[in-house]
Amino acid sequence: MPSSGRPSSPAHAETTPTPRFFGLLKASTLFLATALLTQAVTAGQLLSNEGPHQLHHTTAAVVSFAVVVQFIAALLVWRAGRGSARYLIVTVSMALLISVQFIVGASGDVAVHVPLGVALFGAGAVLVARVWAPRAAD
């Protein structure tokens, strides 16, 4: 409570300074979410027999690249920027699930591949929302 005896308003709530490389983290989350959305679109085309299998395979490589960029950004925010490790933990979890997604997709198990893809897209959307939300004290 401030010394004046009045409670602080939400506008005066303590915030932490933005860690270094946080802009890179913001950009990388958008890139990853866009790559996951593109995967979803190509999956829909593939399931409706309108799209070529190669396009879905190619966009999977883009998702792999995007998650590596996301990992680097989250690592830089945590270590060099002295930010929260939670973005790194979420990114590593997503990278592991993306690896499982590759294995399941290669085996042709659509019953697992599609729901896992939906979950990954949801996780990407939540990650974007968390990274782009106004920052309060961690």
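**Close-up views of a predicted four-helix model**

**View 1. The largest nonpolar core.** The largest nonpolar core (buried Ala, Val, Leu, Ile, Met, Phe, Trp, Tyr and Cys residues joined through side-chain atoms within 4.5 Å; buried, under 20% relative accessible area with a 1.4 Å probe, protein chains only) comprises 19 residues, and Phe22, Leu25, Leu32, Leu36, Tyr87 and Val131 have the most contacts inside it. At least two residues of this core come from each of H1 (22–47), H2 (53–79), H3 (86–107) and H4 (110–132), helices being DSSP runs of H or I with at least four residues, numbered from the N terminus. The greatest contribution, six residues, is that of H2. The model is predicted: local features need pLDDT of at least 70 and side-chain atom pairs pLDDT 80 or more, whereas totals for chains, interfaces and linings use all residues.

**View 2. Surroundings of Leu36.** Leu36 touches Val63, Met94, Leu120, Phe121 and Gly124, with residues up to four places away in sequence not counted; contact denotes heavy atoms within 4.5 Å. Residues are numbered from 1 along each chain as its sequence is written, and side-chain values use heavy atoms, without hydrogens and water.

**View 3. Helix H4 and its cover.** The buried residues of H4 are His113, Leu116, Leu120, Gly124, Leu127, Val128 and Val131. Their cover includes H1, H2 and H3. The end C-alpha atoms of H4 are 32 Å apart, in agreement with the 33 Å expected for 23 residues at 1.5 Å a residue, where the expected span is 1.5 Å times one less than the number of residues.

**View 4. The whole chain in context.** Four helices and zero strands are present, in the order α-α-α-α from the N terminus. Of the 138 residues, 29% count as buried.

Technical notes: Buried < 20%, exposed > 50% of the residue type's maximum accessible area, 1.4 Å probe, protein only.
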